Amino acid sequence: MSIVTVQLGQCGNQIGFEVFDALFRDSHCSQGLCSKRENEAYQASCKERFFREEENGVPVARAVLVDMEPKVINQTLSKAAQSGRWKYGQHTSFCQKQGSGNNWAYGYSVHGPKHEESIMNLIQTEVEKCDSLSGFFIIMSMAGGTGSGLGAFITQKLQNQYSSSLKMNQIIWPYGTGEVIVQNYNSILTLSHLYRSSDALLIHENDAIHKICAKRMNIKQISFRDLNQVLAHQLGSVLQPAYSEGSSSHYRRNLLGDLMEHLVPHPEFKMLGVRNIPQMSAESLAYSTFTWAGLLKHLRQMLISSAKMEEGIDWQVRPPLSGLPPIGKVSAHKEPQFNTSLANLVILRGREVHSADVEGFKDPALYASWLEPVDAFSVWKTQRAFDKYEKSAALVSNSQLLVKPLNMIVGKAWNMFSSKAYIHQYTKFGMEEEDFLDSFTLLEQVVASYGSL
């Protein structure tokens with residue numbers, strides 16, 4: 001089943017390019033460490049999901065590119081075409097001459113309604129080229145104007161027009177120190193609207209990706225391209241084909257459906273985070289060897305201690321004793337030391353994958369008390385190695401990981417709102433203060449729900 005990717009704004013288009021490039025390079029890599037037949041099945045599955053064939057034999061990404069300024073889209077289209085490996089379709093992009101000025105309301109209330117028909121027609125044309133549609137993968141930032149405001153608007157329209165198809169939004173969480181003065185407003189408006197119209201929010205924090213570039217990849221001067229390539233690697237490790245436990249004859253076909261089924265048990269809880277292991281520079285990798293036991297021990301501790309990477313894991317954090325309530329209830333406003341999960345999916349790729357022992361992730365103490373581990377934990381595997389790693393593991397987790405950053409962003413936005421700072425920038429495009437209050441109410445409920453797990 002195929003997935004149509006919608007790339008929105010500067011951030012969405014730059015990341016979208018790196019994701020397609022990573023998927024294509026990996027599926028055509030000769031270092032797959034598996035049989036020729038296995039490799040061909042993997043390639044075919046990746047292609048069906050993300051690419052369609054063109055007449056001249058160059059695969060075309062199943063994607064629609066949207067931005068309110070032409071520069072980034074033109075760069076993205078030409079970069080893909082110049083790669084010679086794959087390209088974007090001829091009539092799959094929409095851009096204008098005027099951006100959204102980092103204003104969520106302008107993207108949502110002005111650009112959205114004005115360009116809705118053109119954008120939705122492009123998406124429909126792409127959908128009609130799929131034999132079978134799994135759903136939509138929408139890549140956007142939440143700090144700016146086009147990605148966030150227009151992204152929320154388009155997701156809502158997709159929900160109306162394709163109500164039976166799944167929508168997963170890949171969201172880039174802004175740097176805590178701030179790139180845009182109104183980023184906290186843009187963020188809470190984006191998140192609250194997506195909570196109503198998307199099936200799952202896959203969230204990457206810029207701060208965490210930046211640390212991975214510095215500490216794990218040893219990059220001295222970090223560019224947005226470096227961040228986007230690490231991010232694309234993390235997404236690729238989730239999106240590429242894998243087998244479910246107990247089945248090794250057919251790759252999972254309905255990727256989005258499977259992810260939702262395993263990871264989103266309730267519409268109140270739809271924030272997902274991704275962790276990968278190992279992640280390192282090619283120079284370090286040449287001198288490293290890995291065992292499944294070592295990788296999974298680190299990955300489990302990353303999960304329970306809310307670590308975003310394998311550097312600086314807090315090994316002191318332990319699950320509360322199974323069956324016993326934790327000492328003292330942790331409120332959402334204090335930093336929870338132990339990260340309680342609702343659902344975890346571990347995806348293992350590479351050599352001797354069938355010898356990997358994932359029992360540590362089935363401990364009932366890791367999960368909310370009203371869930372059985374058999375329902376909350378899943379594992380997918382394939383002997384086909386991913387990227388340059390002989391063995392690698394990805395963890396997609398629906399847990400308390402994002403409570404702290406969400407609480408922080410809501411708090412900062414509320415401080416600005418209570419002094420009426422910059423509100424006029426939004427009300428002049430038809431928003432009302434009531435819209436902000438609705439967003440605060442919804443997100444405070446999300447924080448409380450995750451905090452009480």
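What follows is a short walk through several helices of this structure and one residue within them, based on a predicted model.

Helix 1 is a good place to start. Helix 1 covers residues 9-27, and at 1.5 Å a residue its 19 residues should span 27 Å; the C-alpha atoms at its ends are indeed 27 Å apart, so expectation and model agree. Most of helix 1 is covered, with 15 of its 19 residues buried.

Helix 2, made of residues 36-50, passes the same kind of check: its 15 residues should span 21 Å at 1.5 Å a residue, and its end C-alpha atoms sit 21 Å apart, which agrees. Its buried residues are E38, N39, Y42, S45, C46, R49 and F50. Looking down the axis of helix 2, these buried residues fall within an arc of 130 degrees, so they line one face of the helix. Behind that sort of pattern is a simple bit of geometry: an α-helix has 3.6 residues a turn, so residues three or four places apart point the same way. As for the other side of helix 2, K36 and R37 are exposed there.

Moving along the chain, V72 belongs to helix 3, which takes in residues 70-83. The relative accessibility of V72 is 9%, and because buried means under 20%, V72 counts as buried. Setting aside neighbours within four places in sequence, V72 has contacts with Q10, N13, Q14 and D67. K428 is another story: V72 and K428 lie 356 residues apart in sequence, and their C-alpha atoms are 28 Å apart in space.

Helix 8 (residues 224-239) gets the length check too. Its 16 residues should span 22 Å at 1.5 Å a residue, and the 22 Å between its end C-alpha atoms agrees with that. Of those 16 residues, 13 are buried, so helix 8 is largely enclosed by the rest of the structure.

Finally, there is a pair of helices to look at. Two packed helices are described by the angle between their axes and the distance between the axes. Helix 6 (residues 183-197) packs against helix 15 (residues 433-451) at about 70 degrees, and their axes are 9 Å apart. The two are therefore roughly perpendicular to each other. On the helix 6 side, the contact is made by Y185, I188, L189, L191, S192, Y195 and R196, while helix 15 brings D435, F436, D438, S439, F440, L442, L443, V446 and Y450. Sorted by character, the residues of this contact come out as eleven nonpolar, two polar and three charged.

Conventions
Residues are numbered from 1 along each chain as its sequence is written. This is a predicted model: local features need pLDDT of at least 70, side-chain atom pairs count only at pLDDT 80 or more; totals for chains, interfaces and linings use all residues. Side-chain values use heavy atoms; hydrogens and water are left out. Axes are lines fitted to C-alpha atoms, for helices over the stretch in contact, and angles run from 0 to 180 degrees between N-to-C directions. Helices (H or I, at least four residues) and strands (E, at least two) are DSSP runs, numbered from the N terminus. Angles under 35 degrees count as roughly parallel, over 145 as roughly antiparallel, 65 to 115 as roughly perpendicular and the rest as oblique. Contact means heavy atoms within 4.5 Å. Ala, Val, Leu, Ile, Met, Phe, Trp, Tyr, Cys and Pro count as nonpolar, Asp, Glu, Lys and Arg as charged, and the others, Gly among them, as polar. The expected span of a helix is 1.5 Å times one less than its number of residues. Buried means under 20% relative accessible area, exposed over 50%, partly exposed in between (1.4 Å probe, protein chains only). The arc is that of the directions from the helix axis to the C-beta atoms.
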